[in-house]
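The following note sets out points for a colleague who has the model at hand. It proceeds from a single residue to the sheet and then to the helices.

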Amino acid sequence: FSMDENNKRIKKHCSKGGIAALFENGYVTIMKGTWKIRVEKVTDIPITFGGKAMHNVMNTLPSILACYLFRNIKVEDIRQALHTFIPSVSQTPGRLNLFEFKNFKFLADFAHNPAGLTLLCDFVNRLDSTRKIGIISGTGDRRDDDIREIGRISAKNFDEIIIRQDKHLRGRTAEEMINLLVEGINEAKTHDIPLKILHKESAAIQYAYDYVTPGSIITIILYVIPDALNQLTKLQTAEKKS
């Protein structure tokens with residue numbers, strides 16, 4: 001499978017009668033030899049958020065290919081599955097959970113390494129917002145530079161950063177990881193970025209909620225997924241009742 005329909009390995013594989021999955025002309029497509037079976041338009045697949053979450057376009061490709069190769073699953077059934085797999089707290093907890101508040105948005109995701117955060121930020125940058133706030137943290141059993149890289153990526157993509165570090169210490173102290181994140185931020189930032197350090201995840205969420213400006217999108221890197229999602233759900237419910 002490939003995001004590039006002109007990928008040489010894919011073309012060679014299909015020329016021999018092989019089967020592949022591709023992103024082409026806005027569709028996720030099964031290539032069977034020289035035949036194209038367009039499964040669905042990417043903008044009509046909820047998990048891609050109208051095609052803005054490119055990493056979920058990538059994730060869709062092996063999924064539709066595996067189903068197609070299973071033989072018993074029809075293309076119509078694969079299409080229906082794509083339509084009914086909705087990014088949400090119930091179906092995808094911790095993965096692109098977007099909470100819509102009256103004047104801003106809160107995006108929660110388990111992007112716990114540099115590659116994941118890069119793709120998450122690519123998605124955030126495709127969303128409409130007036131300001132981007134990131135709630136970030138490190139994971140103790142990563143290399144020093146991996147933790148710094150979380151800071152660098154954050155500095156390049158967020159207008160404001162909140163560091164929280166109360167979980168996943170894994171042999172390090174919270175202060176050590178905070179210092180590495182700050183080092184990364186300082187290495188990459190090209191302008192002054194407001195920085196707040198709050199150790200507890202719940203405190204970071206509440207702080208961001210209390211001081212958010214209209215039109216913002218707050219992105220949090222989750223670690224204790226149920227607790228954070230429960231807190232955000234309660235805040236959203238309370239706002240609707242007010």
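**Notes on the predicted model**

1. Leaving aside neighbours within four places in sequence, Met58 is in contact with Met3 and Leu119. The model is a predicted one, and the points below should be read accordingly. Met58 belongs to helix 2. Is Met58 buried, exposed or partly exposed? Its relative accessible area is 35%, and Met58 is therefore partly exposed, since that class lies between the 20% limit for buried and the 50% limit for exposed. Met58 and Lys41 are separated by 17 residues in sequence and by 14 Å in space, taken from C-alpha to C-alpha.

2. Helix 2 (residues 54-69) also packs with helix 3 (residues 75-84): their axes come within 10 Å and cross at roughly 145°. The crossing of helix 2 and helix 3 is right-handed. On the side of helix 2 the contact involves Thr60, Ile64, Cys67 and Tyr68, which meet Val75, Ile78 and Leu82 of helix 3. By class, the residues of this contact comprise 6 nonpolar, 1 polar and no charged.

3. The sheet deserves a separate description. It is open, has 6 strands in the order 4-5-9-6-7-8, and shows mixed pairing. Which strands stand at the edges? They are strand 4 (97-100) and strand 8 (195-197); each has a single partner strand, so one side of each is left without a neighbour in the sheet. From one strand to the next, the twist averages 15°.

4. At one edge, strand 4 and strand 5 run antiparallel and are joined by 4 bridges. Phe99 has Phe106 of strand 5 as its bridge partner. The connection between strand 4 and strand 5 is a hairpin through 4 residues.

5. Strand 5 (105-109) is joined on to strand 9 by 5 bridges, and these two strands run parallel. Here Leu107 has Thr219 in strand 9 as its bridge partner. Why is strand 5 described as largely enclosed by the rest of the structure? Of its 5 residues, 4 are buried, so strand 5 merits that description.

6. At the other edge, strand 7 (residues 160-163) pairs with strand 8 in the parallel sense, over 3 bridges. The bridge partner of Ile161 in strand 8 is Leu195.

7. Two helices that lie across strands of the sheet should be noted. Helix 5 (residues 144-157) lies across strand 6 (131-136), strand 7 and strand 9 (216-221), and runs at about 165° to strand 6. Helix 7 (residues 201-211) lies across strand 5, strand 6, strand 7, strand 8 and strand 9, at about 175° to strand 9.

8. Helix 5 also meets helix 6 (residues 174-188): the two axes come within 7 Å and cross at roughly 45°. That angle makes helix 5 oblique to helix 6. The crossing is right-handed. From helix 5, the contact draws on Asp144, Ile147, Arg148, Ile150, Gly151, Arg152, Ala155 and Lys156; from helix 6, it draws on Met177, Leu180, Leu181, Glu183, Gly184, Ile185, Glu187 and Ala188. By class, the contact of helix 5 with helix 6 holds 8 nonpolar, 2 polar and 6 charged residues. For the reader comparing the two helix pairs, the contact of helix 2 with helix 3 has no charged residues, whereas that of helix 5 with helix 6 has 6.

Terms used:
Residues are numbered from 1 along each chain as its sequence is written. This is a predicted model: local features need pLDDT of at least 70, side-chain atom pairs count only at pLDDT 80 or more; totals for chains, interfaces and linings use all residues. Side-chain values use heavy atoms; hydrogens and water are left out. Two strands pair if DSSP finds at least two bridges between them. Axes are lines fitted to C-alpha atoms, for helices over the stretch in contact, and angles run from 0 to 180 degrees between N-to-C directions. Contact means heavy atoms within 4.5 Å. Angles under 35 degrees count as roughly parallel, over 145 as roughly antiparallel, 65 to 115 as roughly perpendicular and the rest as oblique. A crossing is left-handed if the near helix is turned anticlockwise from the far one by less than a right angle, and right-handed if clockwise. Ala, Val, Leu, Ile, Met, Phe, Trp, Tyr, Cys and Pro count as nonpolar, Asp, Glu, Lys and Arg as charged, and the others, Gly among them, as polar. Buried means under 20% relative accessible area, exposed over 50%, partly exposed in between (1.4 Å probe, protein chains only).
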